[in-house]
Amino acid sequence: MGLKILKTSSYLPRNVVTNNDFEKYLDTSDEWISSRTGIKERRFAVDEDTSDLVYKSVDKLNIEDKSKIDLILVATFTSDKAMPTISSSIQKRLGLMEDIFAIDFNMACTGFVAGLKLCEKYLDTGRQAILIGADLISKTLDKNDRGTVVLFGDGAGATLIEKNNKQQYFEIGTRSNDECLKLNGRNIKNESSFISMNGKEVFRFATEVLPVTIEKLLKEKNITIDDIDYVVCHQANYRILNYVAKKTKIQVEKFYMNLDKYGNTSAASIPIVLDEMNSKGLLKQGQRIITIGFGAGLSWVGTILEW
Ligand code: UT7
């Protein structure tokens with residue numbers, strides 16, 4: 001059974017933080033950040049929490065008929081609270097029915113594509129889900145750690161998804177690694193509550209699994225790279241995506257990137273890209289888009305979307 005993304009939207013907090021802003025108080029430079037990651041600026045929310053980003057992104061979807069919606073899924077690792085969930089707390093404000101299934105889940109940067117798999121499993125044909133990837137990572141960053149603070153940003157992307165009768169393949173993986181990318185606590189104001197990452201190890205992991213995942217997805221669908229219009233991967237580092245393009249012999253132009261503007265927004269990065277492409281009119285009916293999320297876990301999920 002397949003999935004169709006009917007609508008996209010995104011919400012980015014207004015406050016822009018540039019690489020030059022970090023130069024002012026950290027031993028770093030625009031040159032280092034740009035050349036190692038491709039990131040020029042990112043958004044750090046000032047007076048909003050993750051649920052605000054989620055609500056504002058879903059509100060922008062402008063869903064006319066809400067009676068077909070059976071599921072609202074929020075992928076995030078930065079929820080406002082341990083409970084209740086964001087999805088349940090915004091259900092009424094969004095004018096959604098009471099008999100919908102409202103779930104938040106955490107699969108870090110893999111969350112959005114993992115959410116597609118959950119939609120595919122849960123929905124009946126013709127029924128719809130709202131799937132949101134949202135993270136407000138700035139509240140989990142040690143602002144004095146140059147190794148992490150320059151990499152991440154805040155944002156949310158929302159999609160309206162409908163189940164259809166086509167086949168939808170997924171490639172899914174997980175590999176227990178508690179060390180190379182972690183966040184110990186939620187809203188606990190001590191050092192251990194900040195994100196820590198062994199960037200080199202995550203880089204190696206990503207450049208290993210992304211080409212293999214692309215190869216397997218093409219094989220499952222019995223198509224070649226020529227049948228693919230775009231590749232939309234989690235936006236962590238342009239060097240990862242350049243490497244994958246070279247390795248898979250897919251033109252790098254097919255790898256849509258916007259991490260220069262938003263940094264790594266974790267679960268939000270893929271739906272933010274899809275919404276940007278959609279609003280530029282790049283996505284046309286019948287096109288095939290490979291999409292892969294990867295990150296903490298370590299974990300990864302990939303699929304081919306038919307637009
Ligand atoms: O969303 C989850 C997925 N996350 C990722 O995919 C992240 C993947 N990893 C990466 O993107 C890269 O590994 C980084 C961008 C995080 C780091 O790039 P790198 O080329 O692997 O650099 P490195 O960690 O090996 O650090 C090289 C040097 C070090 O200095 P020494 O030990 O060589 O003296 C770092 O201390 O660069 C230093 N460094 C910095 N220098 C200036 C680290 N951060 C900075 C900084 N500014 N912001």
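The ligand is surrounded by 23 residues, each with a heavy atom within 4 Å of it. The closest are T28, R36, K200, N237 and N264. This is a predicted model: local features need pLDDT of at least 70, side-chain atom pairs need 80 or more, and totals for chains, interfaces and linings use all residues. Numbering runs from 1 along each chain as its sequence is written, and side-chain values use heavy atoms, without hydrogens and water.

**Ligand contacts**
- A polar contact is a pair of N or O atoms within 3.5 Å.
- T28 places a polar side-chain atom 2.6 Å from a ligand nitrogen atom.
- N264 has a polar side-chain atom 2.6 Å from a ligand oxygen atom.
- At R146 a polar backbone atom lies 3.0 Å from a nitrogen atom of the ligand.
- Of the 960 Å² of accessible area (Shrake-Rupley, 1.4 Å probe) that the ligand has on its own, the protein covers 73%.

**Ligand shell**
- α2 (30-37), α6 (146-149), α7 (199-221) and α8 (238-248) each give two or more residues to the shell.
- The largest share, 4 residues, comes from α7.
- Helices here are DSSP runs of H or I with at least four residues, and strands are E runs of at least two.
- By class, the shell holds 11 nonpolar, 7 polar and 5 charged residues, with Gly counted as polar.

**Second largest pocket**
- Its space is about 180 Å³, the volume filled by probe spheres set on the grid points.
- A pocket is an open set of points on a 1 Å grid where a 1.4 Å probe fits, with protein on both sides within 12 Å along at least five of seven lines.
- Lining residues have an atom within 4 Å of a point.
- There are 15 of them, and L3, N164, K166, Q167 and E306 are the closest to the centre.
- β1 (2-11) and β13 (297-306) each supply at least two lining residues.

Key. Polar contact = N/O pair within 3.5 Å; in protein donor to acceptor, adjacent residues only side chain to side chain.
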